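Work through these exercises with the sequence and the structure side by side. Try each task before you read its solution.

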Amino acid sequence: MRREAETTPMTLGNMRANGVRSLIVYCGACGRDAVFNVDTYPDSVPVPAFGPRMVCARCGMIGADARPNWTERQPPGAWAPR
Ligand SMILES: [Zn+2]
């Protein structure tokens, strides 16, 4: 995978173009992670913008690590044994 994220933050539009419609939000304080659906947000929102706004449902920590939920991109059976 190419690494362009350091210079150009991925936006929700970029992410959707790759077939991903949700984020994984990870709490660095307690280790909780959760899928966050972003269907209601516009394409122009950068993915890193979500992290600082997140509040952990378990420990109350403000600020989390948000990243595209890449695993949902794989269609069922994509890696099925043969
Ligand atoms: Zn937490």
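**Exercise 1. Start from one residue.** Leaving aside neighbours within four places in sequence, which residues is C56 in contact with?

*Solution.* Note at the outset that this is a predicted model. Set aside the neighbours of C56 within four places in sequence. The remaining contacts of C56 are C27, A29, C30, R32, M61 and A64. Pick C27 from that list for the next exercise.

**Exercise 2. Follow C27.** Is C27 buried or exposed?

*Solution.* Step one: locate the residue. C27 sits in the loop between β1 and β2.
Step two: count. Within 10 Å of C27 there are 21 other C-beta atoms.
Step three: apply the cut-off. A residue with 20 or more such atoms is buried. Therefore C27 is buried.
Step four: list its contacts. Beyond four places in sequence, C27 touches R32, C56, R58, C59, M61 and A64 by the contact criterion.
Step five: check one pair along the chain. C27 and C59 are 32 residues apart in sequence, and their C-alpha atoms are separated by 8.8 Å.

**Exercise 3. Find the core.** Which residues make up the largest nonpolar core?

*Solution.* This core has 10 residues in all: L12, M15, V20, L23, V25, C27, V38, C56, A64 and A66. Both C27 and C56 belong to it. Now ask which elements supply it. α1 and β1 are the elements that give two or more residues. There is a general pattern behind such a core: in soluble globular proteins, nonpolar side chains tend to be buried together. For the chain as a whole, buried residues make up 13% of the 82 residues.

**Exercise 4. List the elements.** In what order do the elements of the chain run from the N terminus?

*Solution.* First count the elements. The chain has one helix and three strands. Then read from the N terminus: the order is α-β-β-β. Finally, look at the confidence. Helix α1, residues 12-17, has the highest mean pLDDT among the elements, 96. β2 has the lowest, 93. Over the chain, the average pLDDT is 87, and 80% of the residues score at least 70.

**Exercise 5. Build the sheet.** In what order do the three strands lie in the sheet?

*Solution.* Step one: take β1, residues 22-26, with β3. They pair in the antiparallel sense over four bridges. V25 stands opposite A66 in β3.
Step two: take β1 with β2. This antiparallel pair has five bridges. Here I24 faces V35 in β2, and Y26 has D33 as its bridge partner.
Step three: put the pairs together. The order is β2-β1-β3, in an open sheet with antiparallel pairing.
Step four: find the edges. β2 (33-37) and β3 (65-68) each have a single partner strand, so one side of each is left without a neighbour in the sheet. On average, neighbouring strands are turned by 30° against each other, direction ignored.
Step five: look at the turn. The hairpin of β1 and β2 has six residues between the strands, and G31 takes a positive phi near 85° there.

**Exercise 6. Compare two faces.** Which residues form the covered face of β1, and which the uncovered one?

*Solution.* The covered face is L23 and V25. The uncovered face is S22, I24 and Y26. Check against the core: L23 and V25 are both among its members.

**Exercise 7. Two asparagines.** Are N18 and N37 buried or exposed?

*Solution.* Start with N18, in the loop between α1 and β1. It has 11 other C-beta atoms within 10 Å. The cut-off for exposed is 12 or fewer. So N18 is exposed. Its C-alpha atom is separated by 8.7 Å from that of W70, 52 residues apart along the chain.
Now take N37, in strand β2. N37 has 10 C-beta neighbours inside 10 Å, so N37 counts as exposed. The C-alpha atoms of N37 and N69 are separated by 9.5 Å, with their positions 32 residues apart along the chain.

**Exercise 8. Sequence range.** What share of the contacts with a separation of 6 or more comes from residues 24 or more positions apart?

*Solution.* The share is 67%.

Conventions. Residues numbered from 1 in each chain as written. Pairing = 2+ DSSP bridges. Axes fitted to C-alpha atoms, helices over the stretch in contact; angles between N-to-C directions. pLDDT = per-residue confidence, 0-100. Core = buried A, V, L, I, M, F, W, Y, C linked by C-beta atoms within 7 Å. Contact = placed C-beta atoms within 7 Å.
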